[in-house]
Amino acid sequence: MTTTSEFDTIAAVATPPGEGGISIIRVSGDHAFEAVMPLFKGKALDKVKSHTINYGHIIDPETQSEVDEVMVSVMRAPKTYTREDVLEINCHGGLVATNDILQLVISQGARLAEPGEFTKRAFLNGRIDLSQAEAVMDLIRAKTDRSMKVALNQLDGSLSRLIKNLRQDILEVLAQVEVNIDYPEYDDVETMTTKLLLEKAKEVKASIQQLLKTAKQGKVLRDGLATAIVGRPNVGKSSLLNELLHEDKAIVTDVAGTTRDVIEEYVNVGGVPLKLVDTAGIHHTDDKVEKIGVERSKKAIAAADLVILVLDASEPLTAEDRQLLADTADEKRIIILNKTDLPLKLEMPELEQLAGDTKIIKASMTQNQGVDQLESEISHLFFDEGIETGRGNVMVTNARHIGLLKQASSALDDVMSGIAAGMPVDLVQIDMTRCWNKLGEITGDSYQDELLDQLFSQFCVGK
Ligand code: GDP
Ligand code: ZN
């Protein structure tokens with residue numbers, strides 16, 4: 001295992017940028033104490049008990065002037081986030097004070113941490129594995145309670161445990177094959193060995209398929225469900241959007257500081273994060289000039305996983321309604337029949353025929369009706385078997401993991417077709433080993449440096 005002494009001491013602001021009640025400057029490494037103690041007026045930090053928080057002041061050693069009143073958490077290796085000595089300076093915040101303290105820590109020999117470097121150290125020092133490191137990243141970005149639970153499960157290592165067990169199983173078979181090959185004098189050894197490999201390949205493949213089945217749900221929970229709200233002008237799209245955005249349902253994620261420097265708009269619908277596509281077409285300041293245009297809604301429909309088509313029950317169907325019904329016929333869609341508080345003018349038999357299997361939800365945005373039903377319909381459409389995010393329930397959410405599971409599975413296909421074609425055992429063994437390696441890349445038991453750099457650079461600084 002890697003020891004901490006290979007690394008220099010790093011520091012970064014661990015709280016989000018901007019104004020806040022408190023900011024935390026995190027310092028980790030062999031020289032964490034040396035980097036902080038010359039700046040700290042209070043108890044001798046190297047004498048206090050580990051995992052205590054200590055009151056004092058940060059003083060600029062050159063001018064002797066006081067920079068801030070602070071609390072310093074002292075956490076000695078190895079029971080820390082990075083397994084190194086970690087000191088965390090909790091200061092009063094404000095960008096200037098926070099940065100001043102960070103600069104002072106750096107002047108004492110620490111280096112500014114790269115994005116994700118604390119978590120990378122936790123990985124390199126053996127505290128967490130790769131899939132757990134990725135879970136940390138998911139946690140930071142979690143959009144709903146459910147997304148959070150999935151990430152927490154992964155952080156807890158349940159995916160890693162499952163993968164490790166599969167690898168252990170494969171390894172045992174490979175070892176057995178090795179032994180059999182070494183004693184070819186036994187009768188039937190070739191048949192026995194192939195049988196062993198075939199059984200194990202089938203078994204592991206079944207487990208991988210089971211995991212991959214969770215991937216679709218997992219992806220939705222992690223990345224959100226791209227959703228387009230379409231409909232001709234004045235049917236109630238903005239009203240629906242407002243209902244959805246109502247109070248705690250609005251989640252606007254500012255992912256600045258990460259690799260995607262954009263603002264995305266999410267709504268939390270029954271625990272499913274809906275990522276709204278082209279809300280610019282719906283948010284409008286002046287209804288008179290509103291014109292979403294057929295081209296624009298076509299684009300939104302194409303980009304969406306889910307289309308919510310809004311119709312006005314108080315008016316007969318128009319050509320534009322019919323066009324939208326036709327354009328969305330092949331999509332996963334839900335029809336909101338809005339304004340049902342007004343007298344019904346829309347031709348229901350025709351709509352039912354045009355809608356086919358699509359669920360039609362009778363709604364009234366002014367009477368606050370239909371939104372609950374919309375929520376349960378979305379769950380129904382995307383989570384037939386219900387959303388299982390209980391503790392210990394393993395779900396794959398990460399594109400990298402999904403890719404590796406598919407590669408591992410195809411290596412097993414090669415094992416099986418190789419056996420069927422009567423290939424020599426040592427060739428079949430190679431495919432089995434490939435499966436073992438691919439699974440190992442998920443937990444980081446086999447990894448490459450570039451992968452690490454790429455993964456951890458997606459974190460924000462301070463994590
Ligand atoms: P959009 O153009 O599709 O975004 O439609 P809006 O949400 O801007 O709504 C158009 C008009 O219909 C507004 O005056 C709303 O107050 C009204 N409206 C929206 N939903 C309902 C409803 O369920 N019942 C009634 N009676 N009026 C509604
Ligand atoms: Zn409108």
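A residue is called exposed here if 12 or fewer other C-beta atoms lie within 10 Å of its own, and buried if 20 or more do. With that in hand, welcome to a few close-ups of this predicted model.

**Figure 1. The protein chain as a whole combines 16 helices with 14 strands.** Before zooming in, it helps to have the overall picture. The protein chain has 463 residues, and 40% of them count as buried. Among its contacts with a separation of 6 or more, 70% join residues that are 24 or more positions apart.

**Figure 2. Ligand 1 sits among 18 residues of the protein.** Those that come nearest to ligand 1 are Gly236, Lys237, Ser238, Ser239 and Met365. Which helix gives the most to this shell? Helix α9, residues 237-245, does so with 3 residues. By character, the shell around ligand 1 is made up of 8 polar, 5 charged and 5 nonpolar residues.

**Figure 3. Helix α14 covers residues 399-420 and spans the length expected of it.** Its 22 residues, at 1.5 Å a residue, should span 32 Å, and the C-alpha atoms at its two ends are indeed 32 Å apart, so expectation and model agree. Just beyond the helix, look for Gly422: this residue follows α14 and has a positive phi, near 70°.

**Figure 4. Helix α14 again, this time with its buried and exposed residues in view.** The buried residues in α14 are His401, Leu404, Leu405, Ala408, Ala411, Leu412, Val415 and Gly418. Seen down the axis of α14, these buried residues fall within an arc of 140°, so they line one face of the helix. On the other side of α14 you will find Ser417 and Ala420, both exposed.

**Figure 5. Strand β2, residues 23-28, is mostly covered.** Is β2 mainly made of buried or exposed residues, and how many of its 6 residues are buried? The count is 5 buried residues out of 6.

**Figure 6. Strand β2 pairs with strand β1 and with strand β6.** With β1, residues 10-13, the pairing is antiparallel and runs over 4 bridges. To find your place in this pair, start from Ala11, whose bridge partner in β2 is Val27. With β6, residues 86-91, β2 also pairs in the antiparallel sense, over 6 bridges. Here a handy landmark is Ser28, which stands opposite Val86 in β6.

Terms used: Residues numbered from 1 in each chain as written. Chains lettered and ligands numbered in written order. Predicted model: local features only at pLDDT ≥ 70, side-chain atom pairs only at ≥ 80, totals over all residues. Near = placed C-beta within 6 Å. Nonpolar A, V, L, I, M, F, W, Y, C, P; charged D, E, K, R; others polar. Contact = placed C-beta atoms within 7 Å. Expected span 1.5 Å × (residues − 1). Arc of directions from axis to C-beta. Pairing = 2+ DSSP bridges.
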